[in-house]
Every structure is written in C-alpha cells, then in structure tokens.
Amino acid sequence: MATESEVHLYQKRIPIFVRSVEGKFRSFKTGILVLAYTVFFALPWVQWNRASSADQAILFDLMSKRFYIFDLVVYPQDIFWLSMLLFIAATLLFFVTGLVGRAWCGYFCFQTLWTDMFMLIEHMIQGERPARMRLYKQPWNVEKILKVGSSHFFMLLVSFWTGITFAAYFAYAPQLLHDFFTGQAADAAYITVITLTITTYVAGGIAREQICNYICPYSRFQSVMYEQDTLAVSYDTRRGEGTAGRALPKEGLRAREERQAKGHGDCIDCGFCVQVCPTGIDIRNGLQYQCISCGLCIDACNNIMDSVGFPRGLIRYDSERNLKSETPTRPHLEWKRLKVLGYAVALLLMIGALTYNIGTRSDAEVRVEKIRQPLFVKLADGSVRNRYQVHIVNKTELEETYKVEVRGIPASALDLGAVTTIRVRAGKDLLLNAKVDLPEETAEHTHEFEFMVTPNSAPKEPIVRKVGFIGGEGK
Amino acid sequence: MGQQTTKNTTGHVWDDDLQELTNPLPRWWLWTFYLTVIFSVIYWIMYPAWPIGKSYTKGVEGVNTIKYTARTVDGKEVQKETHWNMRSKLMAETNEAEARQKQWFDKVAATPYEDVAKDAELMQFVNSAGKTLFSDNCAPCHMSGGQGKVTFSPNLTDDSWIFGGTYEKIHQTLTGGRTGFMPPFKDMLKEEQITQLANYVLSLSGEKVDTAAAAAGAELFKNPGVGCFVCHGPDAKGNQDMGSANLTDKIWLWANVPAQQDAAGKVEEVKKVITGGLSRGVMPAWGGRLKPEQIKLLTVYVHDSLGGGK
C-alpha cells in the first residue's frame, strides 16, 4: 500500500523499448502495414479518365462539392451514404470486438500502424532493444545525436509525406506537389500538411502508447463490448503459475515434469512478453485497458515455449469463460450468441441497403413540385391553370439536354414559357417553370397526371413523376 | 485491472465500494494545461477581451478588423471598419454575396426581355431573386404567390391584365405605378337600372342572369347618357391604356362574384361596384425605390415566373 507521502500527482513517461519478434501475429501485422501503406500512399497517384474534373481515381473535390471515387461521383445530396457507412463501421467494430476483442486497435488503427513504422525506423537506425536502452542511458555525444537525430528526421519525413498524401486526396496530386514546393498551393494545403506532419510525428513518434492510454476513448469503452466469450489475448495463469508460481528454468527446473512435480507452472519468467509489448504492459497481470490486442506477446511466448520444448499457447487468444472453466476446450470463436448474430444481421442489412442505394443511383434526379400559392388560377376564358416547378439535377459528368413532356393530359396543355433548350451543366441543377392549362370541363375531372423528363442522350429512359392537378373550387 | 485498483487510492470510500484512484497524471498533460494558459494570454492581447469601464481592450490593430460597405437609410453607401464581431462578419460576407449576385443582375439587365425568358439558367436566377424582391416589396398587396385578393389587388398569375401584360407595360406599371378609377353611379342611375346593368355585366361572363334585366342593362351600357362604353368599350372588353376592366372574361377583381353561390348575391356584388364606383386600386410607383435592374428583373418575374404574361 502506498502511503500519502509516496503519492505523486504527475509522472514522466516511462520509456518503452520494444524488442522485435517474429511469428504469425508479427507477420500478419507487417502484412497489414504494407497493404495499408501501399493503398494510402499510392491511391492518390492512380489516374482515372474523367470528363468533368481532374484525372484522379480518388478525389474529394471540396470546391465543386463532389467526391470522385473511381466511377462513382458522390454529390452533397448523397450525404446519407456517409451516415450508412458510419453505421456499418460502428456495427463492424462492435461485431468484431464482441468476437475477438480490440482487433481494430492491434492491427488496423492508424495510430498502431504509424507507431509500428516509427519503431521500425528506430530499430533500423538505433538497433535492437538493448542497444537502444544503452543509447538512451548514455550521455549526449556525437553517436547519440546522430542516431537519435536521424531516426527523428526519418520519422518527420514519413510524417511529412503522410501529410502530403492526405492533402493529395483533395487536389490533383501532381499539380498539388508542384504547387506545394513552388509556393503556389492553397493556404488550406499548407495548413493541412503542416498540421498532419506535426500530429503524425507527435502521435506516432513521441506520444505513442499514450495516445491509446490517455486520449483515445475506444480503449476505455472496450469493456462494454467484451463478454465472457470474447476471445482476448490472455495469459493462461493456471498453466503458467502452477501452484507455486512461475520460476526461472534453473538447474532442476528445466524439464516440464520436474517443474510440475515442484508445483511450478510453465512460465519461465523470461520477460519476453513484456519486452515486445508496444504499450509496455505485462499481459500476465490479466486483461488491461492498455492492451491493444496486437498479439506480439503471443509470438514472443510461443518462440520461448518452442525453445524450451513446452507446448505453445501459454499466452493465446482465449475467452474468459474458457480460461476459468474446469474443463477448458480448445479456444474457438463463440459466434452463436444473440449479440454477435444481431450485429451480423444489422451489418448485412445496412451493407445491402448501401449497395442497393449506390447500385441504383440515377444519372438524373427529377422533382416536380406543384406551386401552392395559388393552388390554381382561373383564366379569362374559364380554363384552369396549375403551375409547377420542375427541378432537374444532372448527375452525369457531361452536359445534358432534356425533354419535358406530360402524360395523361393533352400534350399541348403544357407550357414551358419561352424556354427553348433545357440544358443542365454537368453536376448542376435547374429549376424550370411549367404551366398546365386545362379547359374548364377537363379540369374538373383531372386530379393527377404525369411529367416525363427524358435525357436526350438516353431517349428510352424517361423519368416519370406523378403530380396532382386541382381543377377548381373543390367540385 | 482488478489487482491494481485496490492499491493506490485516496482512501476515501463512497457508496460502499466507490474509491478514488491516485494514479499519477502524465507530466506532459500538465504542460498542455500550462500551454492553454499561455494561449489564453496571447488571445486576449490579440483580440478584444476585457471590459474597462465603458470601453474594452481592443486587441492588436489589424489582426481582427473587418471592413465592409453599409447602406444608410437614404441609400448612401458608407465604408465601415470595425473589430471582428458576428454582425460585421455577416455584413462583409453579405457584401461578397451581393458582388456575386450583381453579375447575374447585370446579365439580366443587359439582356432583352425575350432572351432572358428563353434562357433557362437566367430564368432560374429570376425565379429565386425575383421571389425575394417580390416577397419584400409586392407580397403585402399581391400576396406571396402573386395571386392577389379579390376586392383588393389583382391576381398576377392569370392572363387578364388591366393595364396590359406585355413586358413593356408591366415595366411601366412597376416604374410609375397605377391608379384605378371608376365614377360612382348611385346619383345618376336608379336602383333598378343598376340591377339591370349588373345583370348585363354578369351575362357577359357567362353567368346565369335574368335575361330581361340583362337586355335592359345592355341598352343602358350603350346609352351615351350613362356612358359605360366610353371607358369599357362598346364590346365591354375594356381598354388597357386607361385601365378599364374587361367585363367579358371570367375574372373578377373588385366585385367578389366567385365567393357568391346564388345569382342574387352575384348581382349584389356587381351593384356595389357600379353604385359606389372605385377610387381604390392604387399601385405605388417603384421607380425611385427599386434599382433599375431590380425593376427589370421583377418585370420578367411577373411576366414569366408568375406566368401570366402576354
């Protein structure tokens, strides 16, 4: 127990020197790192033939308020796709976390990826963990300045390129790069690149696990999503500690039989699992909020178990229920649970809805609104006029002309005024005045008819909108 | 987690098991806090911050000033410069928006009426800008949709025009205003004659009337001693140059015939107009109040957007 005098309000960061490790989780993480970096850094440079904007495959054009994603053009009115996407992302997170814990944190989160990258830079320049610890302790001399300085230089370089790449999603990449270095780029580009360079460097190069521990909320609300059956990176306390605790493999404690006879568990207390942990925790203390579930301690422990000839899996993905159980089984995904299935159903439904929505998007949007002020107009000869506003949005990348007709009433009843050509520019919209005059007798029996808007480039696909007609004083 | 939480606590316990941990905060967190304090000091030096008596600290000159053009009540433009505030920011942004809008106003002003109406994009601007101008200036009498009000103001969405529905006539009406007038006939004609005239006028619009009375009314209409035809014309179709109404169409302005269900009521309505005449119907002149380009745009709006133009 700590006494009052020992309590400190603030503490310096305890530096973490991560030892590199080999194994299937490390390979998995490296694979994802390579894939994610390739996609992120290369994507803005992929060219795509485009009629209405720069030839870039992915372009978030904020000036013209359009997102280009390959052949998909997203307009502001498609913003609900984003809410669907966010729903899918959130549900996927809950679904995965309920099954296998913080997989996002350990393998996919950009904080993890960039921290991993920066640790790799440190490892390449400053050497393995003991070398880095020695460097940390030694006074500042030429060697230390060079090594530490160059690692931070490369971190800054990666951070800077991260910022450039991010900005390149919002402007034509080759042009942006040229403008950026010749001082002609927009203020927003410089602000974005500088901000991202600083934040990437600070978050991945300096703060590292502190982002997860103190800033990111996800590590704190993970406990809500974990269940008894959730697979988490766990230390098998029963097997590792035995009845007499863990013990170093000293003379007489080398073979498994000898250890079991003396009550010692399989953990040889080598500390490898702690040394490889990017957040610097000891998994043997149980599930902790600092654990980002990256599986590197599993790799480390398995390597040690192999070398001392003990079975693998002293640290493994396992569920709390199985670890506690008197008759433990092989760890397996326990997916037949109401919550997991519920998330899966919600996920599939929303993915289906989004795919359907994007798949059935149209090249033009047409809305016909009846003018209700006044509801109808009686003309000099007694015939009845209703007025409408026809709103056409051209969602293609080319200029388009349209034909506007009516169905269900005589074609001559429609009057578009003096407007001769209904031309809508690429990605723009047009509001058109339309008058419909019907003789008194016809007007009384007409309650609705249809507007037909036909793009001249696709004459066989008229867009039909049913509208109401008010023929007189409620007769 | 369980093992650690029982350690470093303040020792205080609430609600049986609620304890307060004494985990140390990271040192950088403290520095971040100091940084925010330094930031606030810089902020209040640069921007208006502290009240001093009836004044306040103004901040650094130039960092937070906004320039904008304001308009006084009598229409004069005044250059203003003030410190940043929501109102001045709004004014500056309104200036920018007006500059953008001006391009369109200029385009409408420079284009003949017929060509504006042909151009779907220009008409889109006429629709939106016209609606605003109309709502601000015209809607109090003509109603927000231009539908007017029987016995009060003409409907601008129908095809009947008292003073003419061409671009030029509408422009003239807007600029110079109009005054409707019809003399009262209560002293000149007998009650019975007025009834006969009312029947005739209603018959012109195809209403069911007392045919005998209508025939008598027709005679009175053409009678030089009564003189209806002088203004309304021998065919009763009115004269747009002087603003006399077309009595043969089915549109009513001053007599609220559409609101009456039975023939007697309709006759009463028309009689009211003939008896009392009209000195209402004043359309004010907008020439001095609206800019020429606004009047031009409103002309197209009334003619094409409201749709009654001829």
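Q: Before the interface, what does contact mean here?
A: Contact means heavy atoms within 4.5 Å. Note too that this is a predicted model.

Q: OK, so how many residues of chain B are in contact with chain A?
A: On the chain B side there are 35 residues, and they meet 40 residues of chain A.

Q: And what area do the two chains bury between them?
A: About 3,200 Å², with 50% of it on carbon and sulfur atoms.

Q: How many salt bridges between chain B and chain A?
A: The count is 2. One of the salt bridges links A:Arg425 to B:Glu121, where the closest N and O atoms are 2.7 Å apart.

Q: How many residue pairs are in polar contact?
A: Between chain B and chain A, 16 residue pairs are in polar contact, counting those with both residues at pLDDT 80 or more.

Q: Which elements of chain B supply at least two residues to that side?
A: Strand 3 (25-26), helix 2 (27-46), helix 4 (113-118), helix 5 (120-142) and helix 11 (292-305) of chain B each do. Helix 5 of chain B gives the most, with 5 residues.

Q: How do the residues on that side divide into nonpolar, polar and charged?
A: The side of chain B that touches chain A has 12 nonpolar, 15 polar and 8 charged residues.

Q: Strand 3 of chain B, then. In which sense does it pair with strand 1 of chain A, parallel or antiparallel?
A: Parallel, over 2 bridges, with strand 1 of chain A covering residues 10-11. A:Gln11 has B:Pro26 as its bridge partner in strand 3 of chain B.

Q: Switching to chain A. What is the order of the open sheet of 4 strands?
A: The order is 12-10-14-15, and the pairing is antiparallel. Strand 12 (422-424) and strand 15 (463-468) of chain A are the edge strands, each pairing on one side only. On average, neighbouring strands of this sheet are turned by 30° against each other, direction ignored.

Q: How many bridges between strand 14 and strand 15 of chain A?
A: 6 bridges, in the antiparallel sense, with strand 14 covering residues 448-455. Opposite A:Phe451 stands A:Arg465, in strand 15 of chain A.

Q: Back to chain B. What do strand 1 and strand 2 of chain B form?
A: A hairpin, with 3 residues between the strands. Strand 1 (residues 9-14) and strand 2 (residues 18-21) of chain B run antiparallel and are joined by 3 bridges. B:Trp14 stands opposite B:Leu18 in strand 2 of chain B.

Q: Which residue in the turn has a positive phi?
A: B:Asp15, at about 45°.

Notes. Residues numbered from 1 in each chain as written. Chains lettered and ligands numbered in written order. Predicted model: local features only at pLDDT ≥ 70, side-chain atom pairs only at ≥ 80, totals over all residues. Heavy atoms only, no water. Buried area = accessible area lost by both parts, 1.4 Å probe. Salt bridge = Lys/Arg side-chain N within 4 Å of Asp/Glu carboxyl O. Polar contact = N/O pair within 3.5 Å; in protein donor to acceptor, adjacent residues only side chain to side chain. Nonpolar A, V, L, I, M, F, W, Y, C, P; charged D, E, K, R; others polar. Pairing = 2+ DSSP bridges. Axes fitted to C-alpha atoms, helices over the stretch in contact; angles between N-to-C directions.
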